[in-house]
Amino acid sequence: MAIGTSTGLGSAPADGASLLPVPDAAGRRMRLQLPRSPKVLIGLAMLAVFLIVAVIGPWIAPYNPSRSFSATASFPQAPSAAHWLGTTQQQQDVLSQLLAGGRSTVLVAFVAGLVATVLSIVIGVTAGYAGRLTDDLLSMLANFFLVLPALPLLIVIFGFLKTAQGGHDLLIGLVIAITGWAWGARVLRAQTLSLRNRDYVESARIVGERGWRIIGFEILPNLTPIVASSFLFTVLYGVGTYTALAFLGLVNPNHWSWGGMLFYAQVAGAEQSGYWWLFIPPGIAVALLGTSLALINFGIDEFINPRLRVAGLSRRRARRAGVSGLPKRFVLGVTPVVRQDLAAAADGTPGWGPGGRAPGGPAPGAGSADLISASGHAKSRRWRRGGGQ
Amino acid sequence: MRTLARRIGFYLLTAVAAVTVDFLIPRVIPGNPLDAVLAHTQGQVITKATLRALEVQFGTHSKTGQWGQYLHYWSNLAHGNLGVSTSEGMVPVTTVIRGALPWTLGLVGTATVLSFILGTLLGILIAWRRGTWLDNLLPATTFFQAAPYFFLAFLAIDLFAIKLAWFPSGSARGILDFPAVNWTYISDVLDHAILPALTIVVASGAGWIVGMRNVMVTTMDEDYVLMAQAKGLPKRRVIWYAARNAILPSISGFSLAIGFVVSGALLTEIVFSYPGLGFVLLNAVQEADYALLQGVFLVITMAVLLANLAADFVYVFLDPRTRQEA
């Protein structure tokens, strides 16, 4: 999170009008708060593993993924000591293909995510900030790309790229990005619209800042969580789309990727003949890569909209925080949160939400459970706890 | 109703743009489409008239300029003439599409509606019972969401069709095969549709669950929900009030989702050899059958636009605020 640029001017919207965290002195705490959720930690760890495989995979692969081990055997061989994940119909080592194919899959997805995110920032933020005709035209462009069914278009494009240069990762990523930027642009435009009329942006304009400076230093830093979320979403889209295109055989099949392995599995009739080692490893790899991105995105969602996180006070977590005697099921419209002693002591007033104390009272020396109506109160409380009041 | 008029205007413009993209496909791709078609039709007799028709269609050997060809394309479209399919034995493209469309509509329609309803209901349930073990379902659903549709299809075939043999693993009836409607036929269609539909529901349902749950959790903290609770309304009634308001973003998100679902369904069709539009499209690409490819792309685009328009109508009907704005 970029902090400090709009610090003094960004007054806290206590009414909860903005779903974005307020950048203030608590910023350093917020940055640390993000990876604390187990979902995000697991997601980040998984993603790190995939990135490492993408870099070193082709080097640590035991064999050349295209090397055929036997000219006589005509059926895929089940996993054995020599080939941990078995062999393909062409008697190639599946494990080597899996390790070598990661690089292309990850590279295409990240190129697609990067290019699409840049496009969506340029178009979305410009549309939201400029307004009027520019906004109308750019929004229309984004909406057009949003409703255009992407995969059929990509199938058509790649059907003819294949012969030319279908094995080029950067090019594939670029083409996928062109169909994948619109969603991010729409979200960014909406948020820019709401930021544009904030006091601190208004003051910057009155002071005489130039347009690009206001966008770059006042607006963009506050869009960071949304940009990150849209980046991950597009990478996820890139993984799925690239895998689909390779699976359809529309990408040069000598260029190893997980989608390409699934293509060969389909050619070998793996699902009909029970050759599970041909499609389970690449399929699981793609699914796990996607899951890791989605898990991180969960964390960002909870960061953008703290109610999603506050809501997750399970009985186990409540017990760990030293709170006992919670009601068996919470009433609708009331969100339980754990309030730390520090904040409670500083605040002093026990019933600042309409809900009042939880039955059972606070356990000594730990925390207290407050049932509060979380329409904004819980959120602003949490963000400001670091001392930025 | 100005909102609706604006939306209709937008979709009309988008439709024009889509037709233009469709017109440009054989013209912007590298290589000569006519040669590609002829290379794939060896062994078939191509009459002079057919050749002429293909030339006009691709604009390869035409005396009229690009603009004239563009107008010609529109007039053909207005007459329901999409050209002839070179890979399906020179039958009109419209015939091929008419044979495949019902299959896709049946599969995608049923699966989309099912996954929307099931996903939304599950999302409401998970939000309502937040803090219980149901919360752990969320990370699990992301796995299915992230897994490629066709990978789930592989698993489904391997498990249900081969190992357990509950469903047929062979392909469904052929594309141009339209027998009389009787029970054998219907049960055949159902038998072949359940597994693909199940795959689509599992893969796309996760998105609805997460979306609905997140909005529902936020909505449940609104003051009017607390008010309803405080008034002592039955729990079911309170949930109904909250859910009714929480479902709006899901419906407006339909525009985003329908494109993904259609794309996924096309892949599912290919894995299951299901004789729908996705199958036809891939064949057309592989056989360099440009007319068929253009036709299928156009039909898919129009179907997605119509679904979006329908979602917009429902949204305006459900949310009075959109009506007041105008």
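These are my notebook entries on a predicted model of two chains, A and B.

**Entry 1: confidence in the complex**

I began with the scores for the complex, and the predictor gives an ipTM of 0.76 and a pTM of 0.75. For chain A I noted a mean pLDDT of 70, with 64% of its residues reaching 70 or more. Within chain A, the lowest confidence falls in helix 16 (residues 377–384), at a mean of 35, while the highest is in helix 3, at 87. I marked residues 1–33 of chain A, where the pLDDT is below 50, although this stretch has 60 contacts in the model beyond near neighbours in sequence. I also marked residues 342–389 of chain A, again below 50, with 97 contacts counted in that way. Where pLDDT is low, the predicted coordinates should not be read in detail, so I left the contacts of these stretches as counts.

For chain B I wrote down an average pLDDT of 75, and 74% of the residues score at least 70. Among the elements of chain B, helix 2 (residues 33–40) has the lowest mean, 64, and helix 9 (residues 223–230) the highest, 84. I flagged residues 171–181 of chain B as well, since the pLDDT there is below 50, and this stretch has 16 contacts in the model beyond near neighbours in sequence.

**Entry 2: make-up of the chains**

I then looked up the secondary structure, and found 16 helices and two strands in chain A, and 14 helices and two strands in chain B. Of the 389 residues in chain A, 51% are buried, and of the 326 residues in chain B, 44% are buried. I also checked how far along the sequence the contacts reach: taking contacts with a separation of 6 or more, residues 24 or more positions apart account for 73% of them in chain A and for 76% in chain B.

**Entry 3: helices of chain A**

I took helix 4 of chain A (residues 132–147), which has 16 residues and reaches 22 Å from its first C-alpha to its last, close to the 22 Å expected at 1.5 Å a residue. The buried residues that I listed in helix 4 of chain A are L138(A), S139(A), A142(A), N143(A), F145(A) and V147(A).

Next I examined the pair formed by helix 2 and helix 12 (residues 276–304) of chain A, which pack at an angle of about 145° with their axes 8 Å apart. Their crossing is left-handed. On the side of helix 2 of chain A the contact includes K39(A), V40(A), I42(A) and F50(A), and on the side of helix 12 of chain A it includes L288(A), S292(A), I296(A) and G299(A). I noted that the residues of this contact divide into 12 nonpolar, three polar and one charged.

**Entry 4: single residues of chain A**

I looked up S80(A), which lies in the loop between helix 2 (38–60) and helix 3 (94–130) of chain A. S80(A) counts as exposed because it has 10 C-beta neighbours inside 10 Å. From S80(A) to A204(A) I noted 124 residues in sequence and 67 Å in space, C-alpha to C-alpha.

L220(A) sits in helix 9 (residues 211–247) of chain A, and with 18 C-beta neighbours inside 10 Å it counts as partly exposed. L220(A) is 99 residues from I121(A) in sequence, yet the two are 8.7 Å apart in space, C-alpha to C-alpha. Leaving aside neighbours within four places in sequence, L220(A) is in contact with V125(A) and I215(A).

**Entry 5: single residues of chain B**

I157(B) is placed in helix 7 (residues 149–163) of chain B, and I recorded it as buried because 22 other C-beta atoms lie within 10 Å. Between I157(B) and R237(B) I noted 80 residues in sequence and 42 Å in space, C-alpha to C-alpha.

Which residues does A146(B) touch, not counting residues up to four places away in sequence? They are L236(A), A287(A), G290(A), T291(A) and A294(A), which I noted as residues of chain A. A146(B) itself belongs to helix 6 (residues 137–146) of chain B, and counts as buried because it has 22 C-beta neighbours inside 10 Å. I also looked up A203(B), which is 57 residues from A146(B) in sequence and 8.1 Å from it in space, C-alpha to C-alpha.

How values were computed
Residues numbered from 1 in each chain as written. Chains lettered and ligands numbered in written order. Predicted model: local features only at pLDDT ≥ 70, side-chain atom pairs only at ≥ 80, totals over all residues. pLDDT = per-residue confidence, 0-100. Helix = DSSP H or I, 4+ residues; strand = E, 2+ residues; numbered from the N terminus. Contact = placed C-beta atoms within 7 Å. Expected span 1.5 Å × (residues − 1). Buried ≥ 20, exposed ≤ 12 C-beta atoms within 10 Å, placed from the backbone. Axes fitted to C-alpha atoms, helices over the stretch in contact; angles between N-to-C directions. Left-handed = near helix turned anticlockwise from the far one by under 90°. Nonpolar A, V, L, I, M, F, W, Y, C, P; charged D, E, K, R; others polar.
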